[in-house]
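Dear colleague,

I am handing over the structure we spoke about, together with some notes on what I found in it. Please have the sequence and the model open beside you as you read.

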Amino acid sequence: MAIIFHEQSKTFHLYNQQISYIFKVLKNGSLGQLYFGKRIHDKECFDELFEMRKRSMAPYTYEGDMLFSLEHIKQEYPGFNHGDLRYPAFTITHENGSTVNEYVYASHSIYQGKKSIEGLPSTYVESDGEATTLEITLHESHTDTDMILYYTIYETYPVICRHVKFMHYGMQSITLDKALSVCLDLPDCNYEMLELTGTWCRERHVEWRKLMHGVQSIYSMRGHSSHQYNPFLVLKRENTDERSGEAYACSLVYSGSFLGQVEVDNHNVTRMTMGIHPDQFEWTLQQGESFVTPEAVLAYSENGMNALSQTYHKLYQSRLARGVWRDKDRPILVNNWEATYMDFTEEKLMNIVHAAKDAGIELFVLDDGWFGKRNDDHAGLGDWFCNMEKLPCGINGLSRKIHEEGMMFGLWIEPEMVNKDSDLYRMHPDWVMNDPEYHCCHGRNQYVLDFSRKEVVDAIYEMLDRILEKADVDYIKWDMNRSMSEVYSNCAPQQGRVVHAYILGVYRLYEMLLKKYPNILFESCSSGGARFDAGMLYYAPQCWCSDDTDAVERMMIQYGTSFAYPISSIGAHVSACPNHQLKRMTPLNTRFNVACFGAFGYEMDLSKLSKEETEEIKQQVIFMKQYRHLIQYGTFYRLVSPFEGNTMAWMVVSSDQKHAIVGYYKILQSVMAPFQRLYLQGLAPDKKYRINTSKEGLYGDELMSCGMVVSDASCGENEEVYNGRNGDFQSRLYVLESEDESDEKI
Ligand code: GLA
């Protein structure tokens with residue numbers, strides 16, 4: 001891994017074994033993008049890639065020169081209104097209203113390691129040798145402002161991490177109207193764009209579209225990353241599939257409103273940009289002030305989508321997630337939400353706890369309804385003290401009882417919100433984000449607290465701290481159940497700062513809690529998965545994936561989520577039947593077989609199950625304890641997409657390739673169906689694997705090239721008797737163990 005600067009041609013080459021990223025200082029002092037992709041040889045100059053032509057109507061930078069036009073040059077971090085007429089990465093307005101800016105290369109430095117970004121989540125290194133960083137300073141002399149572009153390349157990952165800092169020294173202020181994190185100009189437009197899209201209960205469905213001239217974008221203007229679009233997008237070649245072909249991706253390490261945009265210009269150059277959404281954003285810098293953007297992680301794969309996802313999985317699992325839980329097997333939990341909703345007593349809860357304990361479950365999570373006057377969603381948010389009518393022993397008493405049972409205790413909170421019927425609102429109505437001159441929309445009867453204000457965040461921290469000081473809490477589910485509508489702060493220096501400052505407040509509260517309570521495992525949540533983003537993973541290594549707990553729906557949701565996020569981060573629970581969201585009946589084993597590919601748990605009243613169900617759940621817990629490390633931290637492969645047909649399959653393989661688990665799922669049953677094979681991936685070709693304790697092992701090469709036969713009775717005249725598992729919504733897990741004598745069993 002290296003970052004080379006070729007003095008003569010002023011070319012930067014960032015490379016590791018897998019990728020090269022090349023750009024140069026152009027003759028006007030701005031930065032021109034030359035190449036990002038598979039690693040290539042280094043050399044002094046790549047100017048042959050730098051193409052210019054005379055093109056009518058283009059603005060040219062120099063008199064007498066009809067070649068140098070920023071409109072046609074591929075750039076690193078372009079502005080607007082000074083030659084380039086495409087969508088820019090930044091726009092800055094001066095005090096006199098001018099938006100012309102000319103940032104010119106001033107200096108650079110290259111160093112081992114990677115610095116953290118003040119107040120924002122980011123990928124990191126554990127030792128400086130893991131990565132090299134390039135900082136390039138460009139200077140705008142009229143406004144006296146520096147723009148520092150940061151690039152980090154890791155030794156082992158095909159990624160470039162980028163962010164930007166503006167430092168203003170001038171006497172007159174400047175205003176950032178747009179400050180994205182990243183821009184990548186690619187030389188052609190033969191790509192399909194993948195996005196993860198949906199809504200509540202249908203998060204992160206996978207959609208593709210062929211790029212067209214003009215702009216295609218994904219975004220959130222909701223104040224959180226959203227159910228609708230995820231801050232992640234991929235550009236892949238048409239023939240790229242899970243196993244082969246080229247793909248580029250961009251993931252934003254940020255949890256607020258964002259814009260991800262791909263513009264294809266009329267000469268077929270593709271410009272991908274991502275960052276804080278420029279609408280509702282306006283940040284003025286006075287002399288001596290600075291602004292830093294969130295980090296964006298660009299990745300490249302020449303081996304298809306699985307390899308691309310594995311890059312993000314490994315990087316985010318080990319160098320974005322932090323803390324004591326980062327590498328640990330995630331506790332098997334039971335959450336009382338779908339079991340009781342807010343209608344619970346201590347006795348009801350303890351019944352669930354006892355049943356959970358008997359089943360071997362490790363963590364009990366008390367969801368919404370334990371605080372203030374919270375019996376439905378009209379009251380209580382903001383009053384973070386125990387409702388003693390419901391829980392006479394308090395949270396500390398309940399947590400003690402649960403620990404006495406040998407289980408861990410977890411608690412749900414929604415710190416960013418308030419109900420009008422709460423002591424907090426009665427005391428501080430102005431803490432709600434809203435323009436007091438106007439009527440304010442509610443969402444789920446609740447209002448957004450103004451987390452851009454320090455005193456609001458501090459007050460919430462104090463309330464939570466009072467609980468956590470007394471009660472032994474091992475886990476927190478941090479929820480956020482509405483989008484922002486009237487963004488207005490009653491005391492912000494500038495309203496255009498509020499949406500971003502809010503997220504900085506959220507990050508600060510996380511940081512304060514983690515600092516004082518480093519052993520707590522955080523799970524983020526936002527009406528299910530409306531804040532499943534890389535920013536959150538820095539604080540909470542797992543995230544509740546969706547409020548839809550139906551096994552079939554979850555196949556799509558979890559499959560889509562796996563494009564960007566590791567299995568250890570995907571909160572997934574077995575819930576009751578009929579399912580609460582769809583009223584669908586699915587077999588218990590299928591509910592497990594889907595949920596076990598995640599940070600696993602239950603979301604049902606375990607005290608009300610039949611004997612058979614209780615026994616089955618005990619076996620599931622035993623299985624999960626045995627294999628969770630492999631599932632949560634192994635190398636994950638998508639095999640068959642649920643978006644393309646009636647079946648889905650995925651698998652995980654241990655890093656030593658001795659163990660693997662395959663999940664195979666069939667949505668609707670059929671008859672006289674074709675024979676079925678699954679082409680496995682990631683196995684050692686020369687190892688023989690026993691499948692579900694079969695006597696005879698099969699070689700990895702056979703399983704990958706000939707396929708593993710998964711045909712069942714439906715391939716003929718199905719004569720099976722219905723047994724609750726062999727109709728619709730069937731699934732199977734295959735455990736593969738290497739036969740080698742020397743290979744230990746898990
Ligand atoms: C959100 C969460 C659920 C549950 C409820 C409680 O919808 O996604 O899991 O915690 O809030 O109100």
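To start with one contact, the side chain of tryptophan 412 has an N or O atom that lies 3.0 Å from an oxygen atom of the ligand. Please bear in mind throughout that this is a predicted model, and that each distance below is computed from it.

The surroundings of the ligand

Tryptophan 412 does not stand alone in its contact, since aspartate 368 also has a side-chain N or O atom, in this case 2.6 Å from an oxygen atom of the ligand, and a polar side-chain atom of asparagine 481 is found 3.2 Å from a ligand oxygen. Of the 300 Å² of accessible area that the ligand has on its own, the protein covers 96%. The ligand is surrounded by 13 residues, and the closest of them are Asp367, Asp368, Lys477, Gly528 and Asp547. Sorted by character, this shell consists of six charged, four nonpolar and three polar residues.

Salt bridges

Two of those closest residues also meet each other, for the side chains of lysine 477 and aspartate 367 form a salt bridge with an N to O distance of 2.8 Å. This pair brings together distant parts of the chain, with lysine 477 in strand β26 (residues 475-478) and aspartate 367 in the loop between β22 (363-366) and α4 (394-404), 110 residues apart. Both lysine 477 and aspartate 367 are buried.

In total the structure holds 47 salt bridges, and two further pairs may help you to find your way around. Aspartate 550 and arginine 584 form one of them, their closest N and O atoms being 2.6 Å apart. Here the partners are 34 residues apart, aspartate 550 in the loop between β28 (542-544) and α9 (551-561), and arginine 584 in the loop between β29 (570-575) and α10 (588-595). Aspartate 550 counts as buried because its relative accessible area is 1%, which is under 20%, whereas arginine 584, at 22% relative accessibility, is partly exposed.

The other pair is glutamate 511 with arginine 322, whose side chains meet at 3.3 Å, N to O. It links helix α7 (residues 498-516), where glutamate 511 is placed, to the loop between α1 (304-319) and β21 (333-335), which holds arginine 322, and the two residues are 189 apart along the chain. Glutamate 511 has a relative accessible area of 33% and is partly exposed, and arginine 322 is also partly exposed, at 23%. Helix α7 contains arginine 508 as well, a residue that is partly exposed with a relative accessible area of 27%.

Some salt bridges join into a network, which links Asp84, Arg86, Asp185, Asp265 and Arg271.

A hairpin early in the numbering

Strands β3 (residues 19-25) and β4 run antiparallel and are joined by seven bridges, with valine 25 standing opposite leucine 31 in β4. Five residues lie between the two strands of this hairpin, and in it glycine 29 takes a positive phi near 90°. Strand β4 (residues 31-38) is mostly covered, six of its eight residues being buried.

If you would like a place to begin, I would suggest the ligand and the pair of lysine 477 and aspartate 367, which are among the residues closest to the ligand.

With best wishes

Definitions and conventions
Residues are numbered from 1 along each chain as its sequence is written. This is a predicted model: local features need pLDDT of at least 70, side-chain atom pairs count only at pLDDT 80 or more; totals for chains, interfaces and linings use all residues. Side-chain values use heavy atoms; hydrogens and water are left out. A residue is near a molecule or strand if one of its heavy atoms lies within 4 Å of it. A polar contact is a pair of N or O atoms within 3.5 Å; within protein, one must be able to donate a hydrogen and the other to accept it, and residues adjacent in sequence count only if both atoms are side-chain atoms. Accessible areas come from the Shrake-Rupley method with a 1.4 Å probe; for residues, only the protein chains shown count as cover. Ala, Val, Leu, Ile, Met, Phe, Trp, Tyr, Cys and Pro count as nonpolar, Asp, Glu, Lys and Arg as charged, and the others, Gly among them, as polar. Buried means under 20% relative accessible area, exposed over 50%, partly exposed in between (1.4 Å probe, protein chains only). Helices (H or I, at least four residues) and strands (E, at least two) are DSSP runs, numbered from the N terminus. Two strands pair if DSSP finds at least two bridges between them. A salt bridge is a side-chain nitrogen of Lys or Arg within 4 Å of a carboxyl oxygen of Asp or Glu.
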